[in-house]
Amino acid sequence: MTLQAELRVERAGFTLDLDLAIEPGEVVALLGPNGAGKTTALRALAGLLASTSRIRHNGSTWDGLPAEKRPIGVVFQDYLLFAHMSALDNVAFGLRARGTRKAEANAVALRWLDQIGLADFAHARPRRLSGGQAQRVALARALATSPELLLLDEPLAALDASTRLRVRSELGRHLQDYPGHTLLVTHDPLDAMVLADRLVILEHGRVVQQGSPRDVVRQPRTDYVAHLVGLNFYRGVARGTEVLLDDGGTLSIAEPADGPVHVVFPPSAVSLYPAKPAGSPRNTWQAVVSGIEQHAHTTRVDLDGSPSVLADITTATVAELRLQPGDALWVSLKATEIHTYPR
Ligand SMILES: Nc1ncnc2c1ncn2[C@@H]1O[C@H](COP(=O)(O)OP(=O)(O)OP(=O)(O)O)[C@@H](O)[C@H]1O
């Protein structure tokens, strides 16, 4: 049964207006910039704030239900395990609160600890657990009650990079087995791409784009999404193999198009030269370096021009060009690297 939520929250200067439908077994990631309303949406679903939201599932409504009566499991960024309880009691807590007898609740909790590879820590207090272990216990605690809806609020954000990698893939496995509905709130595009079946992008309390990770990555519709997936992104009007960009500049494209379009290309498709490249069939224009940032294996160069553009170049090229902010360079881009789609 689809979980249908119409989430409406009014605050001074902010309105959340979000319709969400989540299928059984589906993982939906809610992404958006700071203040977009992600946490507000999650709290409205959980019944943790007063709102005029409507939530329907399996022929019943959760509207009047207080948080503790909703069939929900929640995992927060900072685990929020009960410090005075053992890992086992933490996992058994939800079941006990729902009236399950102690022996049975403990048996279920132990099975969960076993599943997450922490049976040996059953009697340990949370302070003896590492961040990754604590987050796995928090996940087991949320899943032990077999909730209809699993809410994950930045579940990996507090973990260091290598722990994060491990816990992410373990979480992915548990989510695959989990038959309920999952909503994952995250800032991290990688978490969303790896874990979610569908992305819902929220800006200013409203959905600006949704779709499979693959579709969103290929065809961003807002600056925030383009930035998230790391693409150069423009709006323009196409006339055959030319696109006149709204903010200045013209690009030649390989596939003819007509009318208002979005234009994208990866920073890695951009080449930089100290002088105008001669006789090339490419797009070329002059731009000024406004920022240089070292990434793992490439250097990201920010250039002001018409249009402004991001370029990823090798460290060898940076050295060769002796790049400095303020330098004027020639930007070159093959028409075949540019992708357009209707606005
Ligand atoms: N308790 C509160 N009282 C009043 N306004 C709030 C409260 N909590 C959040 N807001 C406001 O509601 C809006 C949405 O905030 P929310 O925390 O849901 O966004 P978010 O997408 O989760 O952001 P972040 O990524 O920074 O966590 C923002 O304008 C925020 O300032």
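1. Let's start with the split: the domain assignment gives domain 1 as 3–227 and domain 2 as 230–342, with bounds that come from an automatic or database domain assignment. Taken over C-alpha atoms, the two centres are 39 Å apart. The contact draws on 5 residues from domain 1 and 5 residues from domain 2, where two residues are in contact if their C-beta atoms, placed from the backbone, lie within 7 Å. On the domain 1 side, the residues touching domain 2 are 2 nonpolar, 1 polar and 2 charged. For those classes, Ala, Val, Leu, Ile, Met, Phe, Trp, Tyr, Cys and Pro count as nonpolar, Asp, Glu, Lys and Arg as charged, and the others, Gly among them, as polar.

2. A word on what we're looking at. This is a predicted model, in which local features need pLDDT of at least 70 and side-chain atom pairs count only at pLDDT 80 or more, while totals for chains, interfaces and linings use all residues. Residues are numbered from 1 along each chain as its sequence is written.

3. Overall picture: the protein has 9 helices and 18 strands, taken as DSSP runs (helices H or I, at least four residues; strands E, at least two) and numbered from the N terminus. The C-alpha trace spans about 80 × 40 × 35 Å along its principal axes. Of the 343 residues, 36% count as buried, that is, with 20 or more other C-beta atoms within 10 Å of their own; exposed is 12 or fewer, partly exposed is in between, and C-beta atoms are placed from the backbone. Among contacts between residues at least 6 apart in sequence, 63% join residues at least 24 apart.

4. At the N-terminal end, β1 (residues 3–11) and β2 run antiparallel, joined by 9 bridges; strands pair if DSSP finds at least two bridges between them. Glu 6 sits opposite Asp 19 in β2. The two strands make a hairpin with 2 residues between them, and Gly 13 in the turn has a positive phi of about 80°.

5. Glu 23 follows in the loop between β2 (14–22) and β3 (27–31). Glu 23 is partly exposed, with 13 other C-beta atoms within 10 Å. Its C-alpha atom is 27 Å from that of Leu 165, which is 142 residues away along the chain.

6. Now the ligand. Around it are Arg 11, Phe 14, Gly 32, Asn 34, Gly 35, Ala 36, Gly 37, Lys 38, Thr 39 and Thr 40, a residue being near if its C-beta atom, placed from the backbone, lies within 6 Å. By class, this shell has 2 nonpolar, 6 polar and 2 charged residues. Helix α1 (residues 38–46) gives the most, with 3 residues.

7. Helix α2 (residues 87–97) is mostly covered, with 8 of its 11 residues buried. Among them are Leu 88, Val 91 and Leu 95. The buried residues pack against α3 (102–115) and α4 (131–143). Just after α2, Gly 99 takes a positive phi of about 95°.

8. Last, the open sheet: 3 strands in the order β11-β12-β18, with antiparallel pairing. Since β11 (232–245) and β18 (339–342) stand at the edges with a single partner strand each, one side of each is left without a neighbour in the sheet. Strand β12 (residues 250–265) pairs with β18 over 4 bridges, and the bridge partner of His 262 is Tyr 341 in β18.
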